[in-house]
Amino acid sequence: MDYINTQLDMMDVIMDVNAGVINPDPLGQRPPVSSGWAKAMGIIDSIINGFSVGTITVRNITDDVPNQLVYPGVKWLVIDGGNRIRAIRDFQRGEFTTFDGRNYRQLTDREKTNFDKALNFCVYICTDREATEIFRRLNTVTPVNRIEMIMANDVSSVTRIIRSAVKSYKEYVIAFLLMEAFLILVFCVR
């Protein structure tokens, strides 16, 4: 396993997400932990006020044949930072406003400068198993449960089946209860 640290301007990140070069929502990403835009607004508030939103951790899958079958043309899968990238993209698209009701075009010059700063990326070249371990180690504040560990493996057929079945559910708890029930059925039948 190897990694590099790099920076990309936020507008370049948005363009790469829109073009499918960076996938901020791979199968293993946790579903949103809250409904509405409050968390995204908090991320944008931090950015426009000059605070770092931390390092985005991604996995380079350019030469990973099994993952290219799942994610054709994708260069980076987000391991940690999907909520931050989606918030940046969605704010720039005008899908929500700041806490005081302003959109991207209404930001002050200083706020736009802060918004347009570079994001720090840690880019891993690793296996699926190593990516799962990276995910677990990065998520020590909110411990990773058994289901999330399974779901962090992007090429697992079980992961794809479960995620496709529950991706439309808005409630995190319901989705994971369904996944757990499915896994119990799958493993008990064997």
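## Two helices that cross

Let's start with a helix pair: H1, covering residues 10-19, packs against H4, covering residues 82-93, at an angle of about 95 degrees. The axes of H1 and H4 lie 10 Å apart. Angles of 65 to 115 degrees count as roughly perpendicular, and H1 and H4 are therefore roughly perpendicular to each other. Please keep in mind that this is a predicted model.

Which residues of H1 meet H4? On the H1 side they are Met10, Met11, Val13, Ile14, Val17 and Asn18. Their partners in H4 are Ile85, Ile88, Arg89, Gln92 and Arg93. Sorted by class, this contact of H1 with H4 holds seven nonpolar residues, two polar ones and two charged ones.

## The chain as a whole

Stepping back, the protein chain has 190 residues, and 44% of them count as buried. It contains nine helices and five strands. Read from the N terminus, the order of elements is β-α-β-α-β-α-β-α-α-β-α-α-α-α.

How do contacts spread along the sequence? Taking contacts between residues at least 6 apart in sequence, 72% join residues at least 24 apart.

## Nonpolar cores

The largest nonpolar core has 28 residues, and within it Phe115 and Phe121 touch the most other members. Two or more residues of this core come from each of H1, helix H2 (38-48), strand E3 (55-60), strand E4 (76-80), H4 and strand E5 (118-125). H2 gives the most, with six residues.

Phe121 is a good residue to bring up in your viewer. Leaving aside residues up to four places away in sequence, Phe121 touches Ile4, Asn5, Thr6, Leu8, Val13, Thr55, Ile56, Val58, Trp76 and Ile85. Two of these names are already familiar from the helix pair: Val13 in H1 and Ile85 in H4. There is also a second, separate core of eight residues, among them Ile79, Tyr124, Ala131 and Phe135.

## A closer look at Asp80

Asp80 is found in strand E4, an element that also gives two or more residues to the largest nonpolar core. Which side chain does Asp80 join through a polar contact? The partner is Arg84, at 3.1 Å.

Asp80 has neighbors from elsewhere in the sequence as well. Not counting residues up to four places away, Asp80 touches Gln29, Thr55, Ile56, Thr57, Leu138 and Asn139. Thr55 and Ile56 also appear on the contact list of Phe121.

Note on methods. Residues are numbered from 1 along each chain as its sequence is written. This is a predicted model: local features need pLDDT of at least 70, side-chain atom pairs count only at pLDDT 80 or more; totals for chains, interfaces and linings use all residues. Side-chain values use heavy atoms; hydrogens and water are left out. Axes are lines fitted to C-alpha atoms, for helices over the stretch in contact, and angles run from 0 to 180 degrees between N-to-C directions. Helices (H or I, at least four residues) and strands (E, at least two) are DSSP runs, numbered from the N terminus. Angles under 35 degrees count as roughly parallel, over 145 as roughly antiparallel, 65 to 115 as roughly perpendicular and the rest as oblique. Contact means heavy atoms within 4.5 Å. Ala, Val, Leu, Ile, Met, Phe, Trp, Tyr, Cys and Pro count as nonpolar, Asp, Glu, Lys and Arg as charged, and the others, Gly among them, as polar. A nonpolar core is a set of buried Ala, Val, Leu, Ile, Met, Phe, Trp, Tyr and Cys residues joined through side-chain atoms within 4.5 Å. Buried means under 20% relative accessible area, exposed over 50%, partly exposed in between (1.4 Å probe, protein chains only). A polar contact is a pair of N or O atoms within 3.5 Å; within protein, one must be able to donate a hydrogen and the other to accept it, and residues adjacent in sequence count only if both atoms are side-chain atoms.
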